[in-house]
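Here is a quick walk through some rings, charges, odd backbone angles and enclosed spaces. Have the structure open as you read.

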Amino acid sequence: MIKHFKIIYEWGKSDFWLLNGLCISSGLLFHFFNFSEFLQGAVLIFLFAKCLLSLKHNAVLPAAVSDQDQFSWKYLQSLPLTKKQLLELLICSSTFNLLPAVVFFFSFQKIILVDVFLLEPFTISELIITAICLLLCLVISSIWSLRHMISNPRMQFVKKDKKNQMYATFRSFVVILAVIAYLVLFFRSIDDIQVMVFDFVKKFSLEDRKAFAAIVVGIFQNLKPFFSIWLLVPLCLLYAYYQFRVLLKIWMNEKVSYRSLERNYKRDGLWAIGIYVPLILLFSWVDNTPTMLSGSELLKAIHKRDHVWIEKLVADGADLNKANRFGYTPIMAAVHNADFQAYRFLLSKGAKLDGVTNKDNDKYHAGMNLLHLAVDGQSLKIIEDVLAQGFNVHELQGEEKISALQLASYICKPVIVEYFIKKGVNLNHVSKDGGTALHVAARKDCFQATVALTEAGIDPLVKDKAGKFAFDYSRKKSNSGVAFYLERKTRAPAGKN
Amino acid sequence: MTNILKIQHLNYSIPYSVTLLEDVSFELQSGEFLGILGHNGAGKTTLMDLLMGYRNKTSGVLEVFGENPHDIERQNRNKIVFLSQEVSLKGNLTIGDFLKFHASFFSDYDLNEQLHLMQVFNLKLNMKIGSLSTGQQKKVQVVAGLSSKPKLILIDEITAVMDPETRSIFFIEIERVREEGVAVILATNIAEDLVERCDRILFIADKKSSIHRPQEISALFNLKKAA
């Protein structure tokens, strides 16, 4: 296999090294120098297109029918290779020639992740995981394309039956939906394991618990990202291997290709029962209390809005001011859940209002007091009551220094935005990233909040630390009324002196 | 004489669909030339696909060098070469690149044979395959195939795209390798390619097959006209 691969490498090595070099050097250039976004976009499109074209040009890609550009499938099958060897050669060739596309991603990951998809930049470990998963995805897509190439010519002999095709499509939908549901359950259950550990820790004395909990929390906090993300790698590997075996099976047995078009209600019905019954049971059994609100029975009751249970727990002596590991006390949970009844009940029972969510949470929910949680819960009634309890409308959230007005813009609730404007908040307050509430509204494509803020007098010409106006964030969304509206506020109309 | 090919009561049907071949039986010895004739859609290419292991038989016995061609772990594949009009090559490679790639799979690949055939067919190593005509690309296939030193050559209508001179050269080379003990099966619509060349004819019609002598070719087709 190595000698065959060496020959294939010779075909494409100049393209391979040229593209890798271009991607890396362009990535560095973009990183250190800021220049026209149009030129950046053009370079990115050009490089990505070249990466894909090099695959077509240099890889051994079998063609089902006679094709001037590629080896026909019949030629490749005629070579003295076993079926497994042939598949390995094809998959290796495709994957090798798509490596420049992976280098492309890493060279421009900041632009792709941050500017295009508005995500956070990846850490080193996340980059490594993404690289491995991307490679595995390339392998899987090569296997899929081979599978279609083997199966599709066989379908030429089958008479068109629209009912069969609709049935096959519906069956695929049912299977894919079940896979997604199982994945959701699987990753959700990883959070549950952490909750079980903390319940066990409670059996010890307070000092022991604090010490032990600190260790356990530390371990789980560090392992959790790895559990969630690193598991993708073995999952992808397993799936790739499974698809490889299916491909061999289809290749060896013609009947399998035709079986997918059969309407076998009994067989498919039994499969559906076998897949969905355990799924339904698991979903009904799994505690769907969000992790942020886990940690005590009272928090669970508040999440479920079970007021009878809440009253019973409080009557039994549940601690009204005990915070979970995210800093949520019961009254904070009630406010975040927009449960006015539970909030007033806990207030009447003496719950303290001075809790603040801690930074173990994600950065957008860290340092939130009761007012911020009330905004996030989107209940104007609770916001008014919390302010009446003496909270300061100007108080900022966490290290990011986010104001209540910015939070209201983030959740895109114009009613709450207008309420804070009437309360006289500082419209032009900038958070740690240098953006105002208008930047937030533009990023969230919230038209009504954008109008409310600009008509209240917010300055549309404030640039954040990335050097961008609010308008620049709105441009990324297509057919955006926000972009149209803000453009007129940000720039002078064409032709005007 | 070695028994290269053994077919007994071979049947092939497309799963859940039509039957293409019924009760085909014949054997092939080393050095023998078998022609396969039949009208369009008779099943000539299907039979070749079965011999190459591209499709799996429905029932019957099919052994090539003592193995089922469809087995995953076939051992004798390097003894077989397939020349077909349905085979295409990667256009951006030169002839030299392609022959180097092809040679890497055959341990007995003969560079002297390659040199001889390149001269005979008037080809150069630095020619790009994509720039060649269909007939020239088939010549490249023939060079690669015969240089691999096979024991069995399966030819599926490749001569249809060759000019008369090339076809003549091709059959001269085929005759030369036959003398070395190579067996040949040629599936074609061109009856003239088989007259005075092949040892036997396998005629396929209406899913059935029958063995004939080359002299009977005209009679076969006359019968069809009369029908």
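## Charges over rings

A charge sits over a ring if NZ of Lys or CZ of Arg is within 6 Å of the ring centre and within 35 degrees of the ring normal. Keep in mind that this is a predicted model.

With that in hand, look at A:Arg443: its charged end sits over the ring of A:Tyr473, 4.3 Å from the ring's centre. There's a lysine case too, with A:Lys444 lying over the face of A:Tyr410 at 4.5 Å from the ring centre.

## Rings that pair up

How many aromatic pairs does a search of the whole structure find? Over all chains, the search comes up with 24. One of them is stacked: A:Phe16 and A:Phe96 are 4.4 Å apart centre to centre, with 20° between the planes. A:Phe16 belongs to helix H1 (residues 2-32) of chain A and A:Phe96 to helix H4 (residues 83-107) of chain A, so this pair ties together parts that are 80 residues apart in sequence. If you're wondering about exposure, A:Phe16 and A:Phe96 are both buried.

Next come two tryptophans. A:Trp73 and A:Trp251 make a tilted pair, 5.1 Å centre to centre and 35° between the planes. Here A:Trp73 is in helix H3 (residues 73-78) of chain A and A:Trp251 is in helix H9 (residues 232-252) of chain A, so the pair ties together parts that are 178 residues apart in sequence. A:Trp73 and A:Trp251 are buried as well.

Rings also link up in a cluster: ring pairs join A:Trp11, A:Phe71 and A:Tyr75 with B:Phe98, B:Phe101 and B:Phe105.

## Two positive phi angles

Over in chain B, B:Lys149 has a phi near 55°, which is positive even though the residue isn't a glycine. You'll find B:Lys149 in the loop between helix H4 (134-147) and strand E6 (152-156) of chain B.

B:Glu157 is another non-glycine with a positive phi, this time about 60°. B:Glu157 lies in the loop between E6 and helix H5 (164-178) of chain B.

Buried or partly exposed: which is B:Lys149, and which is B:Glu157? Partly exposed means between 20% and 50% relative accessible area, so B:Lys149, at 26%, falls in that class. Buried means under 20%, so B:Glu157, at 13%, counts as buried.

## The largest cavity

The structure holds 3 cavities of 30 Å³ or more. In the largest cavity there's about 100 Å³ of space. It has 13 lining residues, and the closest to its centre are A:Tyr75, A:Ser78, B:Phe82, B:Leu83 and B:His102. A:Tyr75 is also one of the residues in the ring cluster.

Who supplies the lining? At least two residues each come from H3 of chain A and from strand E5 (80-84), helix H2 (95-103) and H4 of chain B. E5 of chain B gives the most, with 4 residues. By class, the lining of the largest cavity has 9 nonpolar residues, 4 polar and no charged.

## The second largest cavity

The second largest cavity has about 60 Å³ of space. Its lining includes A:Leu76, A:Gln77, A:Lys83 and A:Trp251, along with B:Gly53, B:Tyr54 and B:Arg77. You've met A:Trp251 already, in the tilted pair with A:Trp73. H3 and H4 of chain A are the elements that give two or more residues to this lining.

What about charge? The lining of the second largest cavity divides into 6 nonpolar, 3 polar and 2 charged residues.

Terms used. Residues are numbered from 1 along each chain as its sequence is written. Chains are lettered from A and ligands numbered from 1 in the order in which they are written. This is a predicted model: local features need pLDDT of at least 70, side-chain atom pairs count only at pLDDT 80 or more; totals for chains, interfaces and linings use all residues. Side-chain values use heavy atoms; hydrogens and water are left out. Rings of Phe, Tyr and Trp (its six-membered ring) pair if their centres lie within 6.5 Å; planes under 30 degrees apart count as stacked, over 60 as edge-to-face and the rest as tilted. Buried means under 20% relative accessible area, exposed over 50%, partly exposed in between (1.4 Å probe, protein chains only). On a 1 Å grid over the protein atoms alone, a cavity is a set of points where a 1.4 Å probe fits but cannot get out, and a pocket is an open set with protein on both sides within 12 Å along at least five of seven lines; lining residues have an atom within 4 Å of a point. Grid points are joined across faces, edges and corners, and a volume is the space filled by probe spheres set on the points. Ala, Val, Leu, Ile, Met, Phe, Trp, Tyr, Cys and Pro count as nonpolar, Asp, Glu, Lys and Arg as charged, and the others, Gly among them, as polar.
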